[in-house]
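Q: I have a structure open here and would like to go through it with you. Could we take it piece by piece?

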Amino acid sequence: MGKLKDRVLFNLVREYLTVYLPKQRCASPNTIRSYKKTLEMFLEYAKRVRGIQLFDVTFDMLNRDTVAGFLDDIEEKQHCGVSTRNQRLASIKAFLKYCSDAEPSLTKYYLDVGAVPVKKSASNEIIEYMSERAIRILFEQPDTSDKKELRDLFLMVLLYDSAARVQELLDLRICDVHLGQTPTLTLLGKGRKYRTVPLTMRTVKHFQNYLRVYHAGENEYSVEPLFYTVRRGTRDKLSAQTVRVFLLGYGAEARKYCPEIPENVHPHLFRHSRAMHLYQNGMDLTLISQWLGHANLQTTLVYAHADTEQKRAAIELATGADNPMKQAGKSIGYHIDDEETLKKLYGLK
């Protein structure tokens, strides 16, 4: 049995996620999900560093050193980029700002963590992406005679073809796929903005095969989740964690045939890969920006930088060392049975 050590902390987590964000800020479900994920990851990190249980985590542990360590951890061990690191930091600061407004005595924690700087990224930061050959070999790994692996293949194909963020894909309903003269997919992205992206006929065939197995009898107007899992007889949307796990598995198998496939095959890698392939095949950056749902064209320029850097590195490798261009240059009696229950009680699940 666990005794909740800092009830104020967990009450504020619950109020922040279940009242403030959805009802006062009118934040989108995706935004709330992102904040929830960050807080869950941060609290998990704090307990791991201290060697304690989740219900023993207190505000005193949420200091600048812990936050800085958490950010380094997600960047180095989870291979998150600088933008993700900074987004996690912003989420933690926003929560602590809410706490300081709700309870002035907690302002010291907000000010302390406020000293953690945003990390700058190089303007020519190289994004990670896979070649078209690597993508093809990945697609060859699932055994489509197996129902689950048929789903996995379709999800990977759709993830790549649409260049969608993984949560955008997992939020899809059957009615969001339109099989008209020009097949398209309607995605709900950041800021509750909708965008429509075209689908190839190859993806449409995978979709039709998937429907026959997973949605037999459903019509095109169905609002059932496209990707789902069944728990206790009830359909729930597939989780992003489930996707990450099976992608790692297929990545490990595919790497036997294609060593260039990275060890960490994650959902966003498909998005980066699709964007790079579109750019390398001549699509205008403005169209790619619209395809990806970027609010600012500047965000999309990273693909041009990456492609240019790749070409520069290839030239250096080809010319060797003699290249002249190189030479020039507190405790209460409240009991929690387990940590999963604690997370559910306070809105983290």
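Q: Is Ile 127 buried or exposed?
A: Ile 127 is buried, since its relative accessible area is 12%, and under 20% counts as buried. Please keep in mind that this is a predicted model.

Q: Where is Ile 127 in the fold?
A: Ile 127 belongs to the loop between α5 (107-113) and α6.

Q: How far is Ile 127 from Leu 269?
A: Their C-alpha atoms are separated by 9.1 Å. Along the chain, Ile 127 and Leu 269 are 142 residues apart.

Q: Let us turn to aromatics. How many aromatic pairs are there?
A: A search of the whole structure gives 16 aromatic pairs. One of them joins Phe 139 and Tyr 160.

Q: What is the geometry of Phe 139 and Tyr 160?
A: The ring centres are 6.3 Å apart and the planes stand at 75°, so this pair is edge-to-face. The cut-off for that label is an angle over 60 degrees.

Q: Which helices hold the two residues?
A: Phe 139 is in helix α6 (residues 132-139), and Tyr 160 is in helix α7 (residues 147-162). With their positions 21 residues apart, the pair links distant parts of the chain.

Q: Is Tyr 160 buried or exposed?
A: Tyr 160 is buried, at 7% relative accessibility. Its partner Phe 139 is also buried, with a relative accessible area of 12%.

Q: Which residues form an aromatic cluster?
A: Phe 154, Phe 207, Tyr 210, Tyr 214, Phe 227 and Tyr 228 form one such cluster.

Q: Which charged end sits over the ring of Tyr 214?
A: That of Lys 147, at 4.9 Å from the ring centre. Tyr 228, another ring of the cluster, has the charged end of Arg 235 over it, 4.1 Å from its centre.

Q: And Asn 209, how far is it from Phe 154?
A: Asn 209 and Phe 154 are 8.7 Å apart, C-alpha to C-alpha, with their positions 55 residues apart in sequence. Asn 209 is in helix α9 (residues 201-214) and is partly exposed, at a relative accessible area of 34%.

Q: Now helix packing. At what angle do α1 and α4 cross?
A: The axes of helix α1 (residues 7-24) and helix α4 (residues 82-102) cross at roughly 105° and come within 10 Å. That angle makes α1 roughly perpendicular to α4.

Q: Which residues meet there, in α1 and in α4?
A: From α1 there are Leu 9, Leu 12, Val 13, Glu 15, Tyr 16 and Tyr 20. They meet Ser 91, Ala 94, Phe 95, Tyr 98, Cys 99 and Ala 102 of α4. The contact divides into ten nonpolar residues, one polar and one charged.

Q: How do α7 and α10 pack?
A: The angle between α7 and helix α10 (residues 240-254) is about 95°, and their axes are 11 Å apart. The two helices are therefore roughly perpendicular to each other.

Q: Which residues of α7 and α10 meet?
A: Glu 149, Arg 151, Asp 152, Leu 155, Met 156 and Leu 159 of α7 meet Thr 242, Val 243, Phe 246, Leu 247 and Tyr 250 of α10. These divide into seven nonpolar, one polar and three charged.

Q: What about Leu 170, where is it found?
A: Leu 170 is in helix α8 (residues 166-170) and is buried, at 1% relative accessibility.

Q: What is in contact with Leu 170, apart from neighbours within four places in sequence?
A: Its contacts are Leu 155, Phe 227, Lys 237, Leu 238, Ser 239, Ala 240 and Val 243. The C-alpha atoms of Leu 170 and Ala 240 are separated by 7.5 Å, although the two residues are 70 apart along the chain.

Q: One more topic: backbone angles. What is the phi of Ala 163?
A: Ala 163 has a positive phi of about 55°, although it is not a glycine. Ala 163 lies in the loop between α7 and α8 and counts as buried, at 0% relative accessibility.

Q: And the phi of Cys 26?
A: Phi of Cys 26 is near 55°, again a positive value in a residue other than glycine. Cys 26 is placed in the loop between α1 and α2 (29-50).

Methods. Residues are numbered from 1 along each chain as its sequence is written. This is a predicted model: local features need pLDDT of at least 70, side-chain atom pairs count only at pLDDT 80 or more; totals for chains, interfaces and linings use all residues. Side-chain values use heavy atoms; hydrogens and water are left out. Rings of Phe, Tyr and Trp (its six-membered ring) pair if their centres lie within 6.5 Å; planes under 30 degrees apart count as stacked, over 60 as edge-to-face and the rest as tilted. Helices (H or I, at least four residues) and strands (E, at least two) are DSSP runs, numbered from the N terminus. Buried means under 20% relative accessible area, exposed over 50%, partly exposed in between (1.4 Å probe, protein chains only). A charge sits over a ring if NZ of Lys or CZ of Arg is within 6 Å of the ring centre and within 35 degrees of the ring normal. Axes are lines fitted to C-alpha atoms, for helices over the stretch in contact, and angles run from 0 to 180 degrees between N-to-C directions. Angles under 35 degrees count as roughly parallel, over 145 as roughly antiparallel, 65 to 115 as roughly perpendicular and the rest as oblique. Contact means heavy atoms within 4.5 Å. Ala, Val, Leu, Ile, Met, Phe, Trp, Tyr, Cys and Pro count as nonpolar, Asp, Glu, Lys and Arg as charged, and the others, Gly among them, as polar.
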